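Hi,

Here is the structure I promised to pass on. Have a look at it first, and my notes follow below.

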Amino acid sequence: MKSDRVVSVAIVGGGASGTILAAQLARRGIASILIDGSGRIGRGVAYSTTEPAHLLNVRADGMSAMAGEPEHFADWFEARGGNRAGFAQRRLFANYLAELLDEAVGSGCTELSHSTVVTAARGEDWRIELDNGQSIAARALVLALGNQPPGGLRAFDQAGPNYIANPWGARASAAVRDSAENGGRVLLVGTGLTMIDLVLSLEAAGHDGQVVAISRRGQIPRAHGDYDPSPVAAGELPSGNLRDMLRWVRRRSVVAGWRAAVDSLRPHSHPLWQSLSADEQKRFLRHARPYWDVHRHRIAPEVSNIVARLIAAGSLEIISGRIVAADAAEEGINVTYRRRGEEESRTARFDYVFNCTGPLHSIERTNDRLVRSLLNAGEVRPDHLGIGLEVDERARATPGQRLWALGPLTKGRYWEIVAVPDIREQAAQVADDIAQELAG
Ligand SMILES: Cc1cc2nc3c(=O)[nH]c(=O)nc-3n(C[C@H](O)[C@H](O)[C@H](O)COP(=O)(O)OP(=O)(O)OC[C@H]3O[C@@H](n4cnc5c(N)ncnc54)[C@H](O)[C@@H]3O)c2cc1C
């Protein structure tokens, strides 16, 4: 790659979002360079797992990466012996994304760069500096950086090396293997989908020690189940008031079942979210979100069965409570925690502690040098909740020019924009918008 060469579109971040966008641009004959130095290009965080026990949490027939082609993944999966109504292994979805990317590269439209972008500055074009010392000029820039890695847990600042701050990193895999070999006692802080992944990884590695998972409310993801869909028209839904919306979901659950009630909101989720004031959205994030997440982002029944079996056997305990303190102990960590409703704290020793609290929800605390440089230059702004970047209705980062954001970075505006069914629609719209902009 020579410096100062001008490409049409630079896509920073080669996870599912960036990969799908590259494929959409290639279908429109638009050249792009997909840049990701993490070693996960074409897969990203979610689909880099090689663990067969890690399943998609959406049925195959909902996982098409291509807008307007709902059967795209289901057909691919079925052609390889899968059940289109079942839950594919995430590593297989990675193969599907890799094929999409190969196709885009094969078309001559998409180029790959295995590097990390450190800064981007706007002149006539975007000038993008890479960590390998090279630079690229691009007419359009897309940020598809995914979720921010988990924020630190302050209580574990002095907890020593057996505290695993990033459950997706290489240290986490080594800690899982070590726990399995030594039968260690493991604490998972957080009880959502990341916790489920860790439980499955430990189980698959043969871990037979005790696992404890703790969160304020002790809510764990519910299982998918069969139900009769119960679609609603937008006009039937209350908007602008969180309490009214939650009441509506409760009433609808009684009539149609909670799965149908929750899923009936999906096609309306963006306008519903946008109808709430910033204060109402903050209230949702503070109080309703833990309950919403476990009902909305469900797990495959086979995964739920494993979790239920481990709980019944006493090898997995879910605690509702909070961490009080943590200190490094010999080859482990002493953790003091308080169960919900109890006055007294307890202290227990764990061999490893994994931070499973999920992505950082504060863009201003980001460690990403590129985001920092764009924030400092005023090319992008935090959204009104501070959880991602401010974007307009076309996912253009404001006030930047020829600058788009894609996927989880835009969750302040859309909220439901982290799963493939939402990302594929956004990627197609952004590809159309870029095509129009570059033609103009
Ligand atoms: C464990 C897990 C399981 C999930 N399961 C499902 C599921 O079953 N179904 C579903 O629909 N959704 C699922 N999701 C949600 C969703 O599919 C993912 O969040 C989605 O893949 C997001 O993709 P992304 O490309 O936006 O982000 P990421 O996958 O995080 O990719 C972003 C990439 O950008 C790179 N990057 C960041 N900064 C830079 C930089 N400065 N320069 C270069 N590269 C950079 C990162 O290294 C990373 O590789 C899951 C998510 C997770 C975490």
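Which element gives the most to the shell around the ligand? That would be α13, with three residues. Keep in mind that this is a predicted model.

Staying with the ligand for a moment: there are 35 residues around the ligand, and S17, D36, Y47, N57 and V418 come nearest. Sorted by class, the shell holds 20 nonpolar, 10 polar and five charged residues.

A few polar contacts are worth finding on screen. The side chain of D368 has an N or O atom 2.7 Å from a nitrogen atom of the ligand. Two contacts involve the backbone: a polar backbone atom of V45 sits 2.9 Å from an oxygen atom of the ligand, and a backbone N or O atom of V420 is also 2.9 Å from a ligand oxygen. On its own the ligand would expose 980 Å², and the protein buries 89% of that. As for elements giving two or more residues to the shell, those are α1 (16-27) and α13 (420-439).

Now the domains. The assignment splits the chain into domain 1 (6-149 + 360-439), domain 2 (154-222 + 299-355) and domain 3 (234-296). Between domain 2 and domain 3, the C-alpha centres are 30 Å apart, and the contact draws on five residues from domain 2 and seven residues from domain 3. About 540 Å² is buried between these two domains, with carbon and sulfur atoms giving 61% of that area. On the domain 2 side, R217, Q219 and R222 supply 90% of the area buried against domain 3, more than any other three residues.

Cheers

Notes: Residues are numbered from 1 along each chain as its sequence is written. This is a predicted model: local features need pLDDT of at least 70, side-chain atom pairs count only at pLDDT 80 or more; totals for chains, interfaces and linings use all residues. Side-chain values use heavy atoms; hydrogens and water are left out. A residue is near a molecule or strand if one of its heavy atoms lies within 4 Å of it. A polar contact is a pair of N or O atoms within 3.5 Å; within protein, one must be able to donate a hydrogen and the other to accept it, and residues adjacent in sequence count only if both atoms are side-chain atoms. Accessible areas come from the Shrake-Rupley method with a 1.4 Å probe; for residues, only the protein chains shown count as cover. Helices (H or I, at least four residues) and strands (E, at least two) are DSSP runs, numbered from the N terminus. Ala, Val, Leu, Ile, Met, Phe, Trp, Tyr, Cys and Pro count as nonpolar, Asp, Glu, Lys and Arg as charged, and the others, Gly among them, as polar. Domain bounds come from an automatic or database domain assignment. Contact means heavy atoms within 4.5 Å. Buried area is the accessible area (1.4 Å probe) that two parts lose on being put together, summed over both.
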